[in-house]
Structures are given as C-alpha cells and as structure tokens.
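Biologist: I would like a close look at how the helices and strands of one chain pack together, with a few words on the interface at the end. Please begin with a single helix and its neighbours, and work outward from there.

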Amino acid sequence: MEKFTRLTTVAAPLPQENIDTDQIIPARFLKTIQRTGLGKHLFADQRYDEQGNEKPDFVLNKPAYRKAGILITLDNLGCGSSREHAPWALQDFGIRCVIAPSIADIFHSNCFKNGLLPIRLPLDICETLMDDARQGENARLTVDLEKQQIIRPDGETIPFDVDPFWRHNLLEGLDNISQTLLREGEIEQFEQRANRAWIPSTEGENS
Amino acid sequence: MHKPSSPRTLYDKIWDDHVVLTLEDGTCLLYIDRHLLHEVTSPQAFEGLRAAGRPVRRPGATFAVADHNVPTSDRSLPIKDQQSRLQIETLERNVEEFGVPYFPLLSRKQGIAHVVGPEQGISLPGMTIVCGDSHTSTHGALGSLAFGIGTSEVEHVLATQTLLQKRAKNMLVRVEGQIGPGVTAKDIMLAIIGRTGTAGGTGYVIEYAGSAVRALDMAGRMTLCNMSIEAGARAGMVAPDETTFAYVKGRPYAPKGEAFEQAVAYWRSLRSDDGAHYDKEVVLDAAEIKPSLTWGTSPEDVMAIDGLVPSPDETTDPAKAERIRRTLSYMGLEAGQKLAGTPVDAVFIGSCTNSRIEDLRAAAAIVQNRKVVPSVRAMVVPGSGLVRQQAEAEGLDKIFRDAGFEWREAGCSMCLGMNPDKLETQQRCASTSNRNFEGRQGPQGRTHLCSPSMAAAAAVTGTLCDVRELMEGAR
Ligand code: SF4
C-alpha cells in the first residue's frame, strides 16, 4: 500500500450530504475485474451530461479543482454500497484525503485500505475548510498525518483524530495480510477450539 | 467496554466468541465462519491472492454465487454484455482455481447471495458472516454477526479467514405491539430509518427486539436486518429463537442430528442478558406504523402513504431546504403533494430485501384477479431459483403472468441496474428494493421504496396507492 505522510494540495468543496457510493461511482462502471482506471468514472452522473460531455459547473470540472487531492463534503459521506471501487475511483482521480463531519463505516475502512486518509471533523470546522477550499487553486491545505493536523492556507492548524492502528499502517504503508499471516499460529489454535465442532463445511451438502 | 462478568448483548457474545487476539489499541483479529463471494467485488481480491501466491485458507468456509450481473431473462442465451460475461467467467475461473464451492448460473439453487445463504443453511445463528456486499447484514436475522466488507477485506478473509475489526457500539431498536393490516416488515424498517436517519446507526450494530419483531417470520426479520445498512449500521441482528431453529432445521448445509442439537444448545445462549448495556435505544409503537414508502432519494425520506411530501418551507435550515428542493426536482414531485394517486411507469418486486417466497405470496394476494395497468412495466424477480420453483409450485407465477407481470430468473436485476433491467430516464418505479439513490435503478430513474404488497397495489392501479384500499376488511 502507498504510504501517506504529508500532503499539500488543492481541496475540492462538494457541499452535499449523504453522498452515497453509487454517486461516487455508479454501478454500471463496476463491471471491471481491475482496480485501476476508474478515475474517469468518478462522480460520473454529476460530472458528465447524457452525451458524456463534462458539466462545467461540477466542482471537479472547474479549472481550479481538476488536480484536487482532497475532497470536503457534508454529513454521511460514502453511505450505501460497500463497493471499494469508490475509493479506487477517488484514488485514481488523485484524491488522497476526504474530509466530512461523518463518514459511513464501510467506506471509511475501505479508504484506509487504499492509502486514502478519511478525516471526520465537526461540521463547523468542515465548513471553515470548505470556505478555504472555495478560494481555489492557490488555497492549498496541508494534511500532516504524523502530527495529526491540517494546516489552513493562512497557517492556522486544526488537529484531527485518527485511529492509531490505521495511522501506523498508513505512515508505514503496511500490507495487512502479511501482518495477519504472522499470527497464523493463533488462528490455528482458534480453529481447533472444541465449541466450534458444530460448524459444517460448505464443501458438499451436510446430509 | 464491558467486563467479562457483566451482562452482555447478543452482539457482545458473538464478538467475544470470535476474537482470535486483541492488539494493544483494542483492534481485534476476528475469526470469520462464513465468507460469501459474488462476481462484482471479488475479482480484484483473487487477483491479489494470485499475485502473492497465496491460497484460499478455508474453501470449506467460503461460498460463491453470481448475482449482480446475471441476466434474469432466458439463461440459455449467451450473456450479451461483454463485461458482465467477463465478470461471471472470471468468478467461475477463480472458484475453480481456488477450490471454492459455487452454485453455477444454471443451477436452480443460484440466486442473490443474501437469499441463498440462509435458504441453504450456509448462514447459521452464532456465526460471523461476511461478504463483499453491504447487505450482508441480512444474515443477522438468523442471530449471526453479518456485515459487508470491501474488496481488500475480501482478500484478507480469503487469505487468513480473519478480519481486523474494532468493536462497534450497541444499539437496540425495540418495536412493541402489533402491526395493522397491510403493514409489513418493510414498513417497520422504513419507519425505523425515517426515525434514525441514514447516518443514525453509523458506528453501531443494531439489535432488533420487541414483540413485533418476535412475531415476524424469518423472511420479515431478514427484511429488517437487510436494511440496517440504510440506517447507517454495518450489521443488524435478531436473537435466535424457536422461529429461527425451526427455519434452520433440515436446510442442506445446516448441522444434522446430534450436531444440530449441540448447536441449538449454544444458540439458545445467544440472547442478550438482562441489564445488558446499549449505547442507544429506539422504541417504536407497531400500531402507529402505516403502509409507507419513500418520496426522495435517500432511504430516510420516508412517509406514510396517506401523508404529504415535505416542503422546503418546513425547515429553517437552508441546507436542508436546498436538499428538499433538489430532491423534489429530481423526483418530479411538488412540495406538499400527496403521493397516493401519482402514476408509476414501473414496478419491481425483487432484491435481497423482498424476494423470498413470503414476499411473493404477499404480492400475489393483491394481484390475484386483477390486471397490471397496461402503461406499467411490472416485473417479479425471485431471489433464488428455489424461490422461483416454490412459487411456481404454488401457482404464484400464473397469478403474476396472467395479470401482466414479467416472471423472471433470479438475480439482483433492477435493484441496481447492472444487468439490462433498468429504468429509463425519469421513469417512476415502485420498488421493493432497498436504495432509492439518484440513478440507482438507471440514470435519472425515480425510485419509491415500499413493501411487496404496496408495489403490487401500484402495479394494478397504475399509481402509488394505499394497499389497504385493495384489501378486504383492512379499512
Ligand atoms: S439485490 Fe440489490 S441490494 Fe441486494 S445484493 Fe443485489 S444489488 Fe445488492
């Protein structure tokens, strides 16, 4: 996984609530067997008209935000479907950090797994950052994961919380599976517990 | 965090029984008993295993079925959409290569993973169950801890049979009393989401309890748990009881004989202890719940069928007013209008929320001796081939077909419009599915979520309407 330490970039303001993962990437673009190349479908229904032309009003189509690395939204970001295609599409577009007052659970953990930092901050702070972002191209935000703070364009710092487990993983760019496999002995011990004997195998019907 | 001796909830008990180890910061390595796979969220996970040279740790705890992309029309024909075909072929290649049990497309046992799992006894009480699909919460109806995961987690479970997880908070939703005629589990759940909002359950696991929940059959409990994710919760559960045990007994993959008795003895211990702590509690009076549906583009946009669509003027919060305005315009509705009487273009009876035999019986009871209004495209998509077969044995297919419904093969179908079953631009649909997001059933489509009987009523009247008006003695 790609490391995340410190990021200085333009932030795109998208002041909407309940941005579900169907909006982040509609189902018709999930017919892929790869993780890459989904950036062009990010927010497809908001970003393009029926002929496939860009809608100039949508934030990511505006010249100032075409290279945005942060996305700021309102409540309940990433609700709905568990599709990891949502963080893949954000990542492929260039977004490395999302900020919202609340972020749905599955999307939240899917972000961490892809080196994308999700930050939950109170609504008033999100709105302040959204106002910063509205200033456009030169109003860069810095997200410093090591120090757990966001630096506003005027230099003010805003602290944020992040789960220590995921902070460590992101800073080091760790691969969870290899880490877990180091605990194989404990997994095997668990599997041998006697009270699990009733659990049948899915290999062949149990008649 | 509770002490081991203090009273525990159903969730706490299942959680505690699956902790392999706890890391310093409280993150747990949780053992997974069942892992269901489908074609959309698994290809990249298998690709990861292949790249790292890792096997599937326990094929016997894993089960695969294709559902999202499958055609629900004639299955003897090749799948037209190249990409859909590639995804299904990829799943078939992966299950073959990694030795994962699988129901092929032409098996009559094929269907939506969340219908197939319980139907086959692959999902059982007391288990941890995951799938790369948010509606995995459905299986919690059996008294299991079941939740959706992303593709990276799918790969993690395939490789290790575990997941790294933090304990969630406990939320109790208690529904007491008796529901009235024409009111179903779907209406109860819509009422709950209307109350909690779509973010209300974020960070929680919901346990459904109370006399109205106890009175539900397993299909109804699955409808509740299914839409827990629409309330923001990753999992929903109902403590296993006699209804559960009777449902599970004799299912093909369920334990048999002495193993079954042993399992039941354990399952009986899984109810929440008296005095167990819940971080949040919501109580609803079943008698107050009316046949309901959604008017907007978020599952929390719920109203009773005899209510009025909200108006932006009702709120002083400019952001909320703007959202209502935007939603009304998307849905083609006027502020303050009635929904009853609004014409529909399509009716979809199906999805992992409401495609079980009980759902089809409820819909057929309304459709019987009536006809679908000719301007309406109405379809029934059974949740599995076995549900379809059972319905045909009961003559339900004939009732639907004679009325003018399409009678289709099992799959997700118009729930998400990945296969050819889609709404056209601005078509209005009464749908028994779980999501009314913008574009969910097709670009610019307008979805009203409702129960199977309400959807059936919309088909035969051509409008959104109160199902009780079509039920003898209900009013
Ligand atoms: S029926 Fe709909 S909600 Fe259920 S698994 Fe299929 S696409 Fe998802």
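**Helix packing and sheets in chain B**

Modeller: In chain B, helix α2(B) and helix α3(B), the latter covering residues 82-98, pack with their axes 10 Å apart and at an angle of about 40°. The model is a predicted one, and what follows should be read with that in mind. Angles from 35 to 65 degrees fall in the oblique class, so α2(B) is oblique to α3(B). The two helices cross in the left-handed sense. On the α2(B) side the contact is made by Pro43(B), Phe46(B), Leu49(B) and Arg50(B). The α3(B) side supplies Thr90(B), Arg93(B), Asn94(B), Glu97(B) and Phe98(B). Sorted by class, the residues where α2(B) meets α3(B) are four nonpolar, two polar and three charged.

The other packing partner to consider for α2(B), which spans residues 43-52, is helix α5(B), residues 151-160. Here the axes come within 8 Å and cross at roughly 50°, which makes α2(B) oblique to α5(B). The crossing of α2(B) with α5(B) is right-handed, whereas that of α2(B) with α3(B) is left-handed. From α2(B), the residues Gln44(B), Ala45(B), Phe46(B), Gly48(B) and Leu49(B) take part. They meet Thr151(B), Val154(B), Glu155(B), Leu158(B) and Ala159(B) of α5(B). The contact of α2(B) with α5(B) divides into six nonpolar, three polar and one charged residues. Phe46(B) and Leu49(B) are named in the contact with α3(B) and again in the contact with α5(B).

A further helix pair lies later in the chain. Helix α12(B), residues 357-367, packs with helix α13(B), residues 385-393, at about 40° and with the axes 9 Å apart. That angle places α12(B) oblique to α13(B), and the crossing is right-handed. Ile357(B), Leu360(B) and Arg361(B) of α12(B) are in contact with Val387(B), Gln390(B) and Ala391(B) of α13(B). By class, this contact has four nonpolar, one polar and one charged residues.

Turning to the strands, β1(B) (residues 19-22) and β2(B) (residues 28-31) are paired in the antiparallel sense over three bridges. Thr22(B) is opposite Cys28(B) of β2(B). The pair forms a hairpin with five residues between the strands, and Gly26(B) in the turn has a positive phi of about 95°.

An open sheet of four strands follows the order β11-β10-β9-β12 in chain B, with parallel pairing. At its edges stand β11(B) (235-237) and β12(B) (280-285), each with a single partner strand, so one side of each lacks a neighbour in the sheet. From one strand to the next the twist averages 20°. β9(B), residues 169-176, is joined to β12(B) by six bridges, and the two strands run parallel. One of the bridge partnerships is between Met171(B) and Lys280(B) in β12(B). Helix α6(B), residues 185-196, lies across β9(B), β10(B) (204-209) and β12(B), and runs at about 130° to β12(B).

Chain B has another open sheet with parallel pairing, of five strands in the order β17-β16-β15-β18-β19. Its edge strands are β17(B) (406-407) and β19(B) (446-449); each has a single partner strand, so one side of each is left without a neighbour in the sheet. Within this sheet, β15(B) (residues 346-349) and β16(B) (residues 377-380) pair in the parallel sense over four bridges. Ala346(B) is opposite Arg377(B) in β16(B).

Last, the interface. In chain A, 60 residues are in contact with 85 residues of chain B. The two chains bury about 5,900 Å² between them, and 55% of that is on carbon and sulfur atoms. Of the area that chain A buries against chain B, Lys31(A), Trp198(A) and Thr202(A) supply 16%, more than any other three residues.

Notes. Residues are numbered from 1 along each chain as its sequence is written. Chains are lettered from A and ligands numbered from 1 in the order in which they are written. This is a predicted model: local features need pLDDT of at least 70, side-chain atom pairs count only at pLDDT 80 or more; totals for chains, interfaces and linings use all residues. Side-chain values use heavy atoms; hydrogens and water are left out. Axes are lines fitted to C-alpha atoms, for helices over the stretch in contact, and angles run from 0 to 180 degrees between N-to-C directions. Angles under 35 degrees count as roughly parallel, over 145 as roughly antiparallel, 65 to 115 as roughly perpendicular and the rest as oblique. A crossing is left-handed if the near helix is turned anticlockwise from the far one by less than a right angle, and right-handed if clockwise. Contact means heavy atoms within 4.5 Å. Ala, Val, Leu, Ile, Met, Phe, Trp, Tyr, Cys and Pro count as nonpolar, Asp, Glu, Lys and Arg as charged, and the others, Gly among them, as polar. Two strands pair if DSSP finds at least two bridges between them. Buried area is the accessible area (1.4 Å probe) that two parts lose on being put together, summed over both.
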